[in-house]
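Work through the exercises below on how two chains meet. Each task is followed by its solution.

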There are 4 protein chains.
Amino acid sequence: MATKENSVPIPTVVEVDPFIPADQQKGIHNRWHPDIPPVATVKPGDVFKVQCVDWTGAQIGNNDFSDDIMNVNLTKIHNLSGPVAVDGAEPGDCLVVDILDVQPFEKMPWGYTGIFELENGGGLFAKEFQSRAAKAIWDFHGVYASSRHIPGVRFAGVSHPGLIGTAPSQELLDTWNAREGVLIAQHAEAMPPVAYPPEPIGAYVGQELPDEVRAKVYREGARTIPGREHGGNCDIKNLSKGSRCYFPVFVKGANLSVGDLHFSQGDGEAGIITFSCSIIKNGIEKFAMKQPIFLPSPVDPMYSAKLIFEGISVDYHGDGKQYDMDATVAYKQAALNAIAYLQKLGYSRQQAYLLLSAAPVESHVGAIDSPNACVTLALPIGIFEDDILPREEGLTAKVRGQCAIRSDGLVDS
Amino acid sequence: MATKENSVPIPTVVEVDPFIPADQQKGIHNRWHPDIPPVATVKPGDVFKVQCVDWTGAQIGNNDFSDDIMNVNLTKIHNLSGPVAVDGAEPGDCLVVDILDVQPFEKMPWGYTGIFELENGGGLFAKEFQSRAAKAIWDFHGVYASSRHIPGVRFAGVSHPGLIGTAPSQELLDTWNAREGVLIAQHAEAMPPVAYPPEPIGAYVGQELPDEVRAKVYREGARTIPGREHGGNCDIKNLSKGSRCYFPVFVKGANLSVGDLHFSQGDGEAGIITFSCSIIKNGIEKFAMKQPIFLPSPVDPMYSAKLIFEGISVDYHGDGKQYDMDATVAYKQAALNAIAYLQKLGYSRQQAYLLLSAAPVESHVGAIDSPNACVTLALPIGIFEDDILPREEGLTAKVRGQCAIRSDGLVDS
Amino acid sequence: MATKENSVPIPTVVEVDPFIPADQQKGIHNRWHPDIPPVATVKPGDVFKVQCVDWTGAQIGNNDFSDDIMNVNLTKIHNLSGPVAVDGAEPGDCLVVDILDVQPFEKMPWGYTGIFELENGGGLFAKEFQSRAAKAIWDFHGVYASSRHIPGVRFAGVSHPGLIGTAPSQELLDTWNAREGVLIAQHAEAMPPVAYPPEPIGAYVGQELPDEVRAKVYREGARTIPGREHGGNCDIKNLSKGSRCYFPVFVKGANLSVGDLHFSQGDGEAGIITFSCSIIKNGIEKFAMKQPIFLPSPVDPMYSAKLIFEGISVDYHGDGKQYDMDATVAYKQAALNAIAYLQKLGYSRQQAYLLLSAAPVESHVGAIDSPNACVTLALPIGIFEDDILPREEGLTAKVRGQCAIRSDGLVDS
Amino acid sequence: MATKENSVPIPTVVEVDPFIPADQQKGIHNRWHPDIPPVATVKPGDVFKVQCVDWTGAQIGNNDFSDDIMNVNLTKIHNLSGPVAVDGAEPGDCLVVDILDVQPFEKMPWGYTGIFELENGGGLFAKEFQSRAAKAIWDFHGVYASSRHIPGVRFAGVSHPGLIGTAPSQELLDTWNAREGVLIAQHAEAMPPVAYPPEPIGAYVGQELPDEVRAKVYREGARTIPGREHGGNCDIKNLSKGSRCYFPVFVKGANLSVGDLHFSQGDGEAGIITFSCSIIKNGIEKFAMKQPIFLPSPVDPMYSAKLIFEGISVDYHGDGKQYDMDATVAYKQAALNAIAYLQKLGYSRQQAYLLLSAAPVESHVGAIDSPNACVTLALPIGIFEDDILPREEGLTAKVRGQCAIRSDGLVDS
């Protein structure tokens, strides 16, 4: 018969508490550096769980104001769990990581999507919108998320780690710091900054370390904000539970770290990720790897009916300027087109932007032909309670309230 | 019983011959201008067919050298069929276009994918590769395409018009010419050029026109190379047969033109497109449209198993430079990662690039976080005869020959 | 440049005219028999087209009465094109058939779905409904079909041959006739009959044949109504364009015949099918084949949102009788549940039944647990113009008219 | 910040222990009867969890022999959790049940698939195989299951409740007992029996009840083996997490019960299901409901590449007998064809049958034309580690061991 004895739970190699500030906990770090020792070691083939705090380390609450977003301390992010070493992995190898599951903590069935202040975090539209903090809390009900701040929508999550990567070698780290330093120097006055150099303030490694190692890590450790050759903050929603990812290995043990779990694209969540790893010797050479490659999951949500918006590399939502095959400008226009459409349905611009940041939208790169890049953004129709199709009678603006905003009532302009 | 009398074929409103140079045929034009009169008028609800030559107007042949690509006359492109006016459409309306079918000519069951010369056509990697002309001929066997120039691959097409749009108003045309003119002036020395100004040489409108109208169209008409607010050369593979597209209307009758049919993403094809149109009055305002929006087709190929490559906005395949959240750079790295992988399987770089240009790959924009954009490129596994997964034993380089290259044997470097 | 000379159309090996009665045409037959000689021979790897009349051989017209269905001569069906021999195929081999395309004749862009008279054709609900002839004409507009007889619906077709198979050996034919003869003898009084024995009346082989061969074929030839070990009338909608099918070979040359093309599940259509064949020697043994196996197409329509009806093996729509794990009874209940639902939307029972016969519905076998089989029928929501979901306010019955019925006005009861 | 106070876990309304025999626990019952009182009551809109033991109530262990299957006490099944009443539901209403999640217990990450003895449980092939007990244990690793007893396979689960339904009214219960009684009487000697009458032995209701109520429930309560008008044991894999199901209500409060959770089709699992319910007044009439209807989940696994086997209603794996349009016979032939194919890959017949019972296969009903039903069974290719396609070189039989069999070594014949 079924007994406790013949039932072996999957072991957890990093345990954290989502309600305790990250910098008071073991097994968490927030910079990339080769000298951060592994907090656990697993064997190829082991199945194991890693618990993660949300990326801010419990700074954001389940409430109806965005003041916590406004005041978030970004020197302290992103909080990653690990590193976890894999026995036998060596530089040049390929670490095969099966992302077997991503689940929220049972005691914390919610997450959030935020718009950051222009001066503190910024974001894709920081300058266009002169961003003020805003927030939506998402409640997780099994496979679905919905928000009291964005009524009329429910979607199935594509749960994935926003941030996952192997540790860089010292050489790779030095390369990052050098090339990003050049860019920063070229745009010294930019607000928000174009990139973030190493920053000892807020740096954290939650384990016993010799002082000189800690100082070196804090002084040199790469910020976790962008994705890089080792993976990192790629926010690839298709790196979801069920996917298999191939990482290049740069240090002995590979030293895998993970954090910033997303229930869906773009929303922050604490939770538990289940892994299994294996090693392909000399995989970097075998597969000509300069960055991770991966196989997507067979269990991503299937919303076949979509409404697709186009954008080109002309800032027609702004000053009308023509850019040279710039896919980022095109992507922003497509998003702005979608936001304008959603506003016709009664959503505020803040709600619309938060929705696009969290829902299972897809953005494709179409043609890049001189001088325009063409990018599309696809919005699944099935996530809306009402019919949102463009019909002859036009769109109906319902009363949708507003998302969580600053307690002083200020919203972006 | 079934009789000819009770069976009414769908009417064809523009007829062309794919074997006759485009500039010897009626119903074709290759510039965007409001003064090009419609060659046919349909009523809302009509189902009708439009025949299209390939975008070069029969310049490219089904042969095993790329000299025709090398020498292609690009002042003559893209050859569009139309315009077709829709009764009752007025500026400010939305033209709803059902793309009901896209089929090759029965007498011409093939198409091609080309890499253009750096100095004549260029392309995304023109500078990186110092491009020399190359070509793959694709044979269409029902829903599938395969190429003697890229062995080991067969894929189901996502047939779509690469180029479709409504006519611009004079005001919109002037805006285009102005903003692109600024960009051209800023990069006067660029090779390939960053954009193409109006060019009377090679301009063509295949209908009787007063001389002064013809001269004005040739002098002012916008080149067809980029996509713009009216649609145009967006190469959106999901605008495939079965999709419904909503275009803004800028001139009376809407004046829809179409060309550059693709059997699959990126390959040129002559063929026949079937449409049905309707009008939503005042649709631009109703849907806050600044560009077309569309509903994808339910019949696109479904290849669920994919191998996905990542790229960030660091030119690590080149000089290692860090770019500022540039999705185009990231997209190029992802493509270069895929090309490097395919080379491990024995494909030449030219074959690999042509394959990515024609096969049903998908490119998604992931995170754009300072300073990196992260873009992915997904390659369907099911289009390969062999297993291409990254397995422990590495990849096997088969003998794959080469694509069509220049008769002087020169390939890019 | 593109020329007629470098463009080779795909050859057609069987040509027919959909407007001429089948029994006046070459290359058509309507019985299965090993002694019917091939009308064409192809080589492995050849791509070729076969034209097909509709299964009745032009008996049904594009009109608004069902009298042609009522009076259809079923001794003359199904009209198959072929046989086509494949060089080198021998008994015991496996014939690999790529169904590359299925297209309607350009001159006949329509098909039909019919309900047959209880006494002439019958059908699944012949007895329950005391069936009277009814019909819907479907117009083909590219990838979509719609019907003036069933308003409010448009769906993408899953075009496939309803009837395709290799020729039986004499031994296999004898087995069929013997086992079906037993069943017929056991249910001699059944109306409609439980099976159909060989029937010389209406038999047809459209080629020159020695009299004794013709007489033997007409006397012994198996009727084409059911599917059998060689394929035959399986009406498997997933055997659609793009699929690859593996047939057992029973006679030299395999002798492939095909007919009863469907634009979608269950509607009759004349048209053109494109094939390519290859041979796997000794494939029957290699794959333990007792019937065809196949790989579905990557291009079937994707309607992810569905409304699913259940049915069990209790005739609760009739006398309430409990059947013993009978999946056919369960299937019928699921269909009757769907029909009842559609009637709430304003469709007549005849319209609803015709719609289920033609639309891309899917029926799955769930549990078969004593004493009930459980079968589901899934109706794609996206094929309806209106929202048909079961909402709180109930369903709205629109005026939907009626399908084509008998000119005497009689409908089933 | 995130705190325990602003985080409310989803409440659990029925708690059980998967390691304690079901008949020693509260909140479990194993018969359908209107007089079983609800063990919990929820309000429309509440989100709540229900824990379930496996359907046998802990009789089956995680070990390598099938003796527990052989000796399973089937009078005690299926163990259901509930009933849960929904405030305001009345006979004639429709109960809308959102199945929000299905998860295994963290402490019991495994399930099993069994073949039952001919004389104790039987099953679809009980007579054909003269079934002897066999078993496969499946380990759950996040979204995937794999088994040490069936090597070479890993699949994403389609987690769903095998058994879910509302309580019958006394009138409906009487109908069930009457109609099944007739069938049993007609096949009094059948082994396995064609159906199971009410059986006081093994009956269980885990709550305080007046003796006469308990006696009535045990005496009259319908067995849980088949699906019926209220839902029940339908084993519909698409009733998975994310689906929305509409149940007819027969008693005040609806009294929903659930059990027999499946990680994938056909394997037993203890676990936790998350629900939310609402009520549509008078829904039975509104939707013409005679059985549940449902909307499938957007998150079912997508394995687009499949190998599909056909079957017709001729017992060609047995005595060759022709059946009359019998979809069950056809379904069995399709399954036997798949099993024969899998045996060519080295799997034992028991392994193959267990695999088909657990993996995400799909069975469709194709044509039902006199005298043959045609049924297909689709096996996803992506669940196999190796390539299983039918290639020219045939199939390679690997050493696959055997599943768990009886400790006396007896397997079916």
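Two strands pair if DSSP finds at least two bridges between them; strands (E, at least two residues) and helices (H or I, at least four) are DSSP runs, numbered from the N terminus. The model is predicted: local features need pLDDT of at least 70, side-chain atom pairs count only at pLDDT 80 or more, and totals for chains, interfaces and linings use all residues. Residues are numbered from 1 along each chain as its sequence is written, with chains lettered from A and ligands numbered from 1 in the order in which they are written.

**Exercise 1.** Describe the side of chain D that touches chain C.

*Solution.* Start with the count: 75 residues of chain D are in contact with 75 of chain C, contact being C-beta atoms, placed from the backbone, within 7 Å. Next, the elements: those giving two or more residues include α3 (170–186), α6 (327–344) and β21 (372–380) of chain D. The largest share, eight residues, is that of β20(D).

**Exercise 2.** In which sense do β17 of chain C and β19(D) pair?

*Solution.* β17 (residues 293–295) of chain C runs antiparallel to β19(D), over two bridges. In this pairing, Phe294(C) has Ile308(D) as its bridge partner.

**Exercise 3.** Find the operation that relates chain D to chain C.

*Solution.* Superpose the copies by least squares on the C-alpha atoms of residues with pLDDT of at least 70 in both. Chain D falls on chain C after a rotation of 180° with 0.0 Å of shift along the axis (RMSD 0.0 Å). This is therefore the relation of a two-fold axis. The same surface serves both copies, as 100% of the contact residues of chain D recur in chain C. Among the residues of chain D, His364(D) comes closest to the rotation axis, its C-alpha at 2.3 Å.

Technical notes. Contact = placed C-beta atoms within 7 Å.
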